[in-house]
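Dear colleague,

I am handing over the structure we spoke about, and below it you will find my notes on what turned up when I went through it. Please read them with the model open beside you.

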Amino acid sequence: MAAHTLWRRLHGRTAADVPRWAVLAAYAIPLVVLPSGLWRIAAMIFNAPLLEVDTTPSGGDLEGLAGGWWYILLLSVVSEAAAFLAVGLVSEWGEAWPRWIPVLGGRRVPVMAAVIPAGLGALALLIFPYAMIMISFGMKINGDPGGMVTHGWQTVIFNVTYWPLAAWSPLLALVTVHYYRRRTTSPRDLAVESRRQDGPATVGGVTRRGRGR
C-alpha cells in the first residue's frame, strides 16, 4: 500500500481522456531504458563479466572506457529520469505545473512547451536503433570496426538489455503526437483558450462562456 502511494505521488494522476494504450506506451519508456542502465552499472562499476576488456597498457581498463564510475552512475540516473518525463505526457502534471514550482505552480503548461522538447528528443533518440544495428555488425557508431567485445552469453545479455532502447524514440513520438492532439482538441483546453480571449467556446455544439478566474 505504501509503495502504491509513493508511486502515485511520483507520477501523479492520469490526465482525463487519456486512453489505456497511451498510458501503457508512456510507462513502457522508463522500462525500456532501465535494463541498459543496470547493465552499465553492473559491467562498468561492479566489474561483472559482461564484456571482454583489454587490460594491456595500450588497451586501458573499464575505468578509462567508461570515464569513471561516477559518470556511469550519473548517465544511468539521468537517462532514467529523462525517460520518466514521458509519463508527464499522460499525467495531470504534464498539463499543469506542480504547485511547488515558484511562479509557474498551478498554471497550465503551454502545449508546445511540452511538445517541442519531446519531439526533438524523439528525433535525437533515433540514434539508438542506428547504434544497435552498427554494433550488431561489429562496428562503432562512426562506422569504424571495433567497440565493445562480447562473446556467447555476454552478447545475449547485451542485446537483451540494450536493444529495448531502440523503442524509446518511436514510443516517445507516439505519446507526443497523442498529447498534442489531445491538448489541442479537448473541450477543456478549448474552454481555457476561450477564456483567455474573453470570448465564447463552443463545446459539443453548445456555446459556453468562460468564467473569470
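Ala114 is buried, with a relative accessible area of 17%, which falls under the 20% taken as the limit for that word. Please keep in mind, here and in everything that follows, that this is a predicted model. Ala114 has its place in helix H5, and its C-alpha atom is separated by 7.9 Å from that of Leu89, a residue 25 positions away along the chain. Both residues appear again in the description of a pocket, since Leu85, Ala86, Leu89, Ala114 and Pro117 are the lining residues that lie nearest the centre of the second largest pocket.

That pocket has a volume of about 460 Å³, and 21 residues line it. Which elements give two or more residues to its lining? They are helix H4 (69-84), helix H5 (111-124) and helix H8 (168-185), and of these H5, the helix that holds Ala114, gives the most, with 5 residues. If you are wondering about the chemical character of the lining of this pocket, its residues divide into 18 nonpolar and 3 polar, with no charged residue in the lining.

For orientation, the chain contains 9 helices and 2 strands, and when it is read along the sequence the pattern is α-α-α-α-α-α-α-α-α-β-β, with the helices coming before the strands. Of its 213 residues, 34% count as buried.

Next, the charged pairs. Side chains of opposite charge can pair when their charged atoms come close, and a search of the whole structure finds 3 salt bridges. One of them joins Glu92 to Arg13, with the closest N and O atoms 3.4 Å apart. Glu92 lies in the loop between H4 and H5, whereas Arg13 lies in the loop between helix H1 (2-11) and helix H2 (20-44), so this pair ties together parts that are 79 residues apart in sequence. Glu92 itself is partly exposed, with a relative accessible area of 33%.

The other two salt bridges share Glu95, and together Glu95, Arg108 and Arg182 are linked in a network. Within that network, the side chains of Arg182 and Glu95 meet at 2.2 Å, taken from N to O. Because Arg182 lies in helix H8 and Glu95 in the loop between H4 and H5, the pair ties together parts that are 87 residues apart in sequence. The salt bridge between Arg108 and Glu95 has its closest N and O atoms 3.8 Å apart, and in this case both partners are found in the loop between H4 and H5, 13 residues apart.

Are the members of this network buried or exposed? Glu95 counts as buried at 4% relative accessibility, and Arg182 likewise counts as buried, at 7%, whereas Arg108, at 22%, counts as partly exposed.

On the surface there is a nonpolar patch of about 790 Å², made by Trp69, Trp70, Tyr71, Leu73, Leu74, Leu75, Val77 and Val78. Leu74, to take one of these residues, has its place in helix H4, the helix already named among those that line the second largest pocket, and at 47% relative accessibility Leu74 counts as partly exposed.

Finally, two residues deserve a look for their backbone angles. Asp17 has a positive phi of about 70° although it is not a glycine; Asp17 is found in the loop between H1 and H2, and at 59% relative accessibility it counts as exposed. Asn47, which is also a residue other than glycine, has a positive phi near 55°. Its place is in the loop between H2 and helix H3 (62-66), and Asn47 is exposed as well, with a relative accessible area of 53%.

With best regards

Key. Residues are numbered from 1 along each chain as its sequence is written. This is a predicted model: local features need pLDDT of at least 70, side-chain atom pairs count only at pLDDT 80 or more; totals for chains, interfaces and linings use all residues. Side-chain values use heavy atoms; hydrogens and water are left out. On a 1 Å grid over the protein atoms alone, a cavity is a set of points where a 1.4 Å probe fits but cannot get out, and a pocket is an open set with protein on both sides within 12 Å along at least five of seven lines; lining residues have an atom within 4 Å of a point. Grid points are joined across faces, edges and corners, and a volume is the space filled by probe spheres set on the points. Helices (H or I, at least four residues) and strands (E, at least two) are DSSP runs, numbered from the N terminus. Ala, Val, Leu, Ile, Met, Phe, Trp, Tyr, Cys and Pro count as nonpolar, Asp, Glu, Lys and Arg as charged, and the others, Gly among them, as polar. Patches are made of residues with over 30% relative accessible area and no salt bridge: like charges are joined within 9 Å, nonpolar side chains (Val, Leu, Ile, Met, Phe, Trp, Tyr) within 5 Å. Accessible areas come from the Shrake-Rupley method with a 1.4 Å probe; for residues, only the protein chains shown count as cover. A salt bridge is a side-chain nitrogen of Lys or Arg within 4 Å of a carboxyl oxygen of Asp or Glu. Buried means under 20% relative accessible area, exposed over 50%, partly exposed in between (1.4 Å probe, protein chains only).
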